[in-house]
Amino acid sequence: MTAMLRAAGVSLSFGDTPALRGADVAVDEGEIVAVMGPSGSGKSTLLHCLAGILVPDSGEIHVDGHRIDTLGEAARSALRRERFGFVFQFGQLVPELTAAENIALPLLLSGVRRAPALSRAEGWLSRLGLDGLGGRRSGELSGGQAQRVALARALAGSPRVVFADEPTGSLDSLAGEQVMDLLVGAAREQGTTVVVVTHDARVAAYADREIMVRDGRVTTPVGTS
Ligand SMILES: Nc1ncnc2c1ncn2[C@@H]1O[C@H](COP(=O)(O)OP(=O)(O)OP(=O)(O)O)[C@@H](O)[C@H]1O
């Protein structure tokens, strides 16, 4: 079976700082993988390479069997828009837009008309327990609510892969659990592949598999094969 995501011998430095040093990883379609490891070990950099945000200095990145690190910025940006969803630690909602408009934004950017995009956004709001909050702006939402809106925005376009970087890092444990329940539930239902960077063992427990990044390389955690 072709891996949905594959990094082979990926190295990347920021100036003199090596962030990745020959990282290898493969993630199957529909798999939920937690990326763990010490601070500064290269987890976010690996996620950004797999997602086509950063281009490695050497090595290869393949998505669904196609090499992407050789593509130009426009093609990688189209790939991200069409196939990937993103959730970051601090939601990163557009403050000028309402919750519903934030969720609808990627749909609008991919050519869905405003009315159906907003109606799909409302469907996600209801599914995530946010009925009635569609008209609020991000400053009028709690952290947990805003993060659920960010999750809906990531999922609304039915992406093949969701990349989440510390998605619960700014939340208390109850709100964090809600976000992970919703992310994992939706991913399982839609067969979405999920890569989640986390320091939190409770978040990693939602994953099918944990990978450990140390000193810019992927290692397998002790005690697993
Ligand atoms: N934009 C950047 N410019 C310069 N150095 C960077 C940049 N991004 C990351 N680094 C460096 O690359 C290394 C890996 O960073 P990365 O953010 O991937 O680690 P991480 O494992 O995700 O860390 P954390 O768990 O603290 O978020 C670190 O030494 C970091 O300081």
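## Ligand shell and nonpolar core

Two nonpolar, eight polar and one charged residue make up the shell around the ligand. Keep in mind as you look around that this is a predicted model. Below is a short tour of that shell, then of the largest nonpolar core, with Ile103 and Val35 as guides.

**Around the ligand**
- The residues surrounding the ligand are Phe14, Thr17, Ala19, Gly37, Ser39, Gly40, Ser41, Gly42, Lys43, Ser44 and Thr45.
- Two elements, strand 2 (17–27) and helix 1 (43–50), each give two or more residues to this shell.
- Helix 1 supplies the largest share, three residues.

**The largest nonpolar core**
- This core has 67 residues, and Val35, Ile103, Val162 and Val195 are the ones that touch the most other members.
- Helix 5 (residues 143–156) gives the most to the core, with eight residues.
- As general background, nonpolar side chains tend to be buried together in soluble globular proteins.

**Ile103**
- You will find Ile103 in helix 3 (residues 99–109).
- Ile103 counts as buried because 32 other C-beta atoms lie within 10 Å, where 20 or more are needed.
- Leaving out residues up to four places away in sequence, Ile103 touches Ala121, Trp124, Leu125, Val149, Ala152, Arg153 and Ala156.
- Ile103 and Ala154 are 51 residues apart in sequence, yet their C-alpha atoms are 7.7 Å apart in space.

**Val35**
- With residues up to four places away in sequence again left out, Val35 touches Lys43, Leu46, Leu47, Val195, Val196, Val197, Ile211 and Val213.
- One of these contacts, Lys43, also belongs to the residues around the ligand.

Notes: Residues are numbered from 1 along each chain as its sequence is written. This is a predicted model: local features need pLDDT of at least 70, side-chain atom pairs count only at pLDDT 80 or more; totals for chains, interfaces and linings use all residues. A residue is near a molecule or strand if its C-beta atom, placed from the backbone, lies within 6 Å of it. Helices (H or I, at least four residues) and strands (E, at least two) are DSSP runs, numbered from the N terminus. Ala, Val, Leu, Ile, Met, Phe, Trp, Tyr, Cys and Pro count as nonpolar, Asp, Glu, Lys and Arg as charged, and the others, Gly among them, as polar. A residue is buried if 20 or more other C-beta atoms lie within 10 Å of its own, exposed if 12 or fewer, and partly exposed in between; C-beta atoms are placed from the backbone. Two residues are in contact if their C-beta atoms, placed from the backbone, lie within 7 Å. A nonpolar core is a set of buried Ala, Val, Leu, Ile, Met, Phe, Trp, Tyr and Cys residues joined through C-beta atoms within 7 Å.
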